[in-house]
Amino acid sequence: MLQLFRKARMWQKHPLKDRYDVVIVGGGVHGLSTAYYLVRIRTGEDIRTLGSGTAGSTNVGRALGASGFAVTFLGDAAKGALAALAARYFELGPWGAVLVILAVVAGQVWPVHLGFKGGKGLATAFGVILLLD
């Protein structure tokens, strides 16, 4: 399917033609859930079976306490900030940055490896907002 896009005339003129991989990596890498792995390492349980059933900072706070909340929130915010920095570094422009940011937040909310059941994306979006002009 990607070859169809490459053959299309508008794709050849598109500014992200050579940098679409940043968007794909943004969604894939940032789909790694800080909450899930932190709780899995510390207790051996799945965070989605505890508390509210979401893989987010608040639910980790319920399961592990304030330190678990802080580590999860900072980890998710760092993923968002990293996405914003990658968009700047690769000079994707405003629309490319929007795509990378949407990919990272979507990767947090619907992580493929967790069956599309993740967090709410607030901490990730917060990390993005910190680095926006």
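This is a short walk through the structure shown above, starting with the whole chain and ending with a few single residues. Keep in mind as you look around that the model is predicted.

Let us begin with the overall plan. The protein chain has eight helices and zero strands. If you follow the sequence from start to end, the pattern reads α-α-α-α-α-α-α-α. The chain has 133 residues, and 38% of them are buried. Its exposed surface comes to about 8100 Å², with 68% of that area supplied by carbon and sulfur atoms. What about the contacts that link parts of the chain? Taking contacts between residues at least 6 apart in sequence, 56% of them join residues at least 24 apart.

A good place to settle next is helix 6, which covers residues 66–89. Helix 6 contains 24 residues, and from its first C-alpha to its last it reaches 34 Å, close to the 34 Å expected at 1.5 Å a residue. Which residues of helix 6 are buried? They are Gly68, Thr72, Asp76, Ala77, Lys79, Gly80, Ala81, Ala83, Ala84 and Ala87. And what do these buried residues pack against? Their partners are helix 4, helix 5 (57–64), helix 7 (93–109) and helix 8. Once you pass the end of helix 6, you meet glutamate 91, where phi is positive, near 50°.

Helix 6 also brings us to the aromatic rings. The structure holds three aromatic pairs. In one of them, the ring centres of phenylalanine 69 and phenylalanine 73 are 5.9 Å apart and the planes meet at 25°; this angle is under the 30 degrees that marks a stacked pair, so the two rings are stacked. Both phenylalanine 69 and phenylalanine 73 belong to helix 6, and they sit four residues apart, about one turn of the helix. Are these two rings buried or exposed? Phenylalanine 69 is partly exposed, at a relative accessible area of 36%, and phenylalanine 73 is also partly exposed, at 26%.

Phenylalanine 73 has another partner, phenylalanine 126, and this aromatic pair is tilted, with 5.6 Å from centre to centre and 45° between the planes. Here the two residues come from separate helices: phenylalanine 73 is in helix 6 and phenylalanine 126 is in helix 8 (residues 122–131), so their pairing ties together parts that are 53 residues apart in sequence. Phenylalanine 126 counts as partly exposed, with 38% relative accessibility. Put together, Phe69, Phe73 and Phe126 form one aromatic cluster.

Now look at serine 57, a residue of helix 5. Serine 57 has 8% relative accessibility, which means that this residue counts as buried. Which residues does serine 57 touch, not counting residues up to four places away in sequence? They are Phe69, Thr72, Phe73, Asp76 and Ala123. Two of these names, Phe69 and Phe73, will be familiar from the aromatic cluster.

From here we can turn to helix 4, which spans residues 34–43. The buried residues of helix 4 are Thr34, Ala35, Tyr36, Leu38 and Val39, and they pack against helix 5 and helix 6. Just after helix 4 comes glycine 44, with a positive phi of about 85°.

There is something to find on the surface of this region too. Leu32, Tyr37 and Ile41 make a nonpolar surface patch of about 320 Å². Of these, leucine 32 lies in the loop between helix 3 (20–29) and helix 4. Leucine 32 is partly exposed, and its relative accessible area is 43%.

Our last stop is glutamate 45, in the loop between helix 4 and helix 5. Glutamate 45 counts as partly exposed, at 38% relative accessibility. Setting aside neighbours within four places in sequence, glutamate 45 is in contact with Val39, Arg40 and Leu50. One of these, Val39, appeared among the buried residues of helix 4. You can also look from glutamate 45 across to alanine 63: the two are 18 residues apart in sequence, and their C-alpha atoms are 10.0 Å apart in space.

Definitions and conventions: Residues numbered from 1 in each chain as written. Predicted model: local features only at pLDDT ≥ 70, side-chain atom pairs only at ≥ 80, totals over all residues. Heavy atoms only, no water. Phe/Tyr/Trp six-rings, centres within 6.5 Å; stacked < 30°, edge-to-face > 60°. Buried < 20%, exposed > 50% of the residue type's maximum accessible area, 1.4 Å probe, protein only. Patch = residues over 30% accessible without salt bridge, like charges linked within 9 Å, V, L, I, M, F, W, Y side chains within 5 Å. Areas by Shrake-Rupley, 256 points an atom, 1.4 Å probe, with all protein chains shown as cover. Salt bridge = Lys/Arg side-chain N within 4 Å of Asp/Glu carboxyl O. Contact = heavy atoms within 4.5 Å. Expected span 1.5 Å × (residues − 1).
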